[in-house]
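Reader: I am new to this structure and would love a close look at one part of it. Could you take me through it step by step, and then show me what else is worth a visit?

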Amino acid sequence: MGTPYTDEFLPDALQFRPESPLVDIGANLTHESFQRDLADVIARAKAANVTALIVTGTDIEHAEQAVAMAQQFKGVYATAGVHPHDAKGWNSDVAHQLKALHGQPEVVAVGECGLDFNRNFSTPQAQERAFEAQLGLAVESGLPLFLHERDAGQRMKEMLRSWRDDISQAVIHCFTADRATLHGYLDLDLHIGLTGWICDERRGHSLRSLVNDIPLERLMVETDCPYLLPRNLPAKLKGRRHEPALLPWIVKEIALWHNVSETELGEATTRTAQRFFRIDAAS
């Protein structure tokens with residue numbers, strides 16, 4: 001259930017405001033495609049009852065930009081980390097800068113960090129080195145972890161298992177893997193972030209059968225915008241850039257496969273995100 005709202009950018013069919021305030025835990029608003037209309041993007045998110053946005057910091061530059069956004073806009077927060085694609089550039093200076101960022105009140109998680117053995121833009125050895133160091137920074141700061149993993153589930157679980165008693169919380173952002181990997185993460189008491197991947201009948205069909213295995217208190221929702229535009233949208237979007245105002249359509253799809261109402265899923269994921277990131281998501 002929800003209500004429409006009026007916006008000149010989004011087609012009428014996409015303007016939908018759910019009853020429950022939502023938290024987008026993964027928005028890449030530092031992407032260049034948002035430079036021209038960032039304030040409007042955030043305003044549209046609020047109109048769609050997406051009342052809190054976690055802007056992903058994937059390296060020092062983008063983490064600093066995310067912090068600046070959080071300082072400018074109410075309800076916007078930042079993460080700070082080094083993505084595995086950029087792990088080859090890890091050094092003591094980067095570690096020092098990240099540590100300083102983690103002390104900023106706007107930063108609510110360490111990351112995006114982790115392992116990506118699918119594309120290997122950095123070698124697996126470089127990725128593990130940078131990830132291990134950021135696990136240490138998470139312990140030192142007490143912040144939760146915002147994690148990336150592709151085709152590296154076994155090694156990710158091994159590394160997290162050795163740190164699990166020391167880190168506070170962790171979320172596997174944009175989860176797309178198989179049942180065994182999912183249950184391995186849940187056994188480690190991790191959280192799971194789901195995106196519009198589940199709305200894609202070509203790639204997301206296997207994920208749909210796993211959604212009901214994720215306890216609501218372990219589930220969070222995200223757009224990963226401008227990427228992963230949902231394929232369940234009832235109208236075409238000019239330019240095909242994904243944005244936080246479309247999160248309700250992802251919630252709609254996840255609720256269908258979790259066999260709960262959209263309102264129940266929205267309320268549960270918002271409570272989980274508030275607790276995980278220690279933020280307020282009031283409308």
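What covers the buried residues of H4?

Author: Happy to help, and one thing to keep in mind from the start is that this is a predicted model. The cover over the buried residues of H4 includes helix H3 (92–102), E6, E7 and helix H5 (153–163).

Let us get to know the helix itself. H4 runs over residues 124–141, which makes 18 residues. From its first C-alpha to its last it reaches 25 Å, close to the 26 Å expected at 1.5 Å a residue. If you would like to find its buried residues in the viewer, look for Ala126, Gln127, Ala130 and Phe131, and then for Gln134, Leu135, Leu137 and Ala138. Just after the helix comes glycine 142, and its phi is positive, near 80 degrees.

Two of the elements that help to cover H4, E6 and E7, lead us on to the largest pocket. Strand E6 (107–116) and strand E7 (145–150) each supply at least two residues of that pocket's lining. The pocket has a volume of about 660 Å³, and 24 residues line it. Nearest its centre lie His83, His85, His148, Asp224 and Tyr227. Sorted by class, the lining has 11 polar, nine charged and four nonpolar residues.

Strand E6 has another detail to show you. The peptide bond from glycine 111 to glutamate 112 is cis, with omega near 20 degrees, and glutamate 112 is in strand E6. A cis peptide bond also joins cysteine 225 and proline 226, with omega about 10 degrees. Proline 226 sits in the loop between strand E10 (219–221) and H8.

That loop between E10 and H8 also holds arginine 240. Its phi is near 60 degrees, a positive value in a residue other than glycine. Arginine 240 is exposed, because its relative accessible area is 52% and the cut-off for exposed is over 50%. Cysteine 174 is not a glycine either, and it has a positive phi of about 50 degrees. You will find cysteine 174 in the loop between strand E8 (170–172) and helix H6 (179–187). With a relative accessible area of 2%, cysteine 174 is buried.

Now for the aromatic rings. A pair of such rings is described by the distance of the centres and the angle of the planes. The count comes to three aromatic pairs. One of them is formed by phenylalanine 16 and tryptophan 249, with 5.7 Å from centre to centre and 45 degrees between the planes, and this pair is tilted. Phenylalanine 16 lies in strand E2 (residues 16–18) and tryptophan 249 in helix H8 (residues 247–258), so the pair ties together parts that are 233 residues apart in sequence. Both partners are buried: phenylalanine 16 has a relative accessible area of 18%, and tryptophan 249 has one of 10%.

The rings of phenylalanine 276 and phenylalanine 277 have centres 4.7 Å apart and planes at 70 degrees, so this pair is edge-to-face. Phenylalanine 276 counts as buried at 3% relative accessibility, and phenylalanine 277 counts as buried at 2%.

Our last stop is a cavity. Searching the whole structure turns up one cavity of 30 Å³ or more. The largest cavity has a volume of about 60 Å³. Its lining is made of 11 residues, and Pro18, Leu22, Val251, Glu262 and Thr263 are those nearest the centre. Here you meet E2 and H8 again: along with helix H9 (262–277), each supplies at least two residues of the lining. H9 gives the most to the lining of this cavity, with three residues. By class, the cavity lining has six nonpolar, three polar and two charged residues.

So, to return to your helix: look first at the buried residues of H4, among them Phe131 and Leu135, and then at what covers them, including H3 and H5. From there, E6 and E7 take you to the lining of the largest pocket. Enjoy the tour!

Note on methods:
Residues are numbered from 1 along each chain as its sequence is written. This is a predicted model: local features need pLDDT of at least 70, side-chain atom pairs count only at pLDDT 80 or more; totals for chains, interfaces and linings use all residues. Side-chain values use heavy atoms; hydrogens and water are left out. On a 1 Å grid over the protein atoms alone, a cavity is a set of points where a 1.4 Å probe fits but cannot get out, and a pocket is an open set with protein on both sides within 12 Å along at least five of seven lines; lining residues have an atom within 4 Å of a point. Grid points are joined across faces, edges and corners, and a volume is the space filled by probe spheres set on the points. Helices (H or I, at least four residues) and strands (E, at least two) are DSSP runs, numbered from the N terminus. Ala, Val, Leu, Ile, Met, Phe, Trp, Tyr, Cys and Pro count as nonpolar, Asp, Glu, Lys and Arg as charged, and the others, Gly among them, as polar. The expected span of a helix is 1.5 Å times one less than its number of residues. Buried means under 20% relative accessible area, exposed over 50%, partly exposed in between (1.4 Å probe, protein chains only). Contact means heavy atoms within 4.5 Å. Rings of Phe, Tyr and Trp (its six-membered ring) pair if their centres lie within 6.5 Å; planes under 30 degrees apart count as stacked, over 60 as edge-to-face and the rest as tilted.
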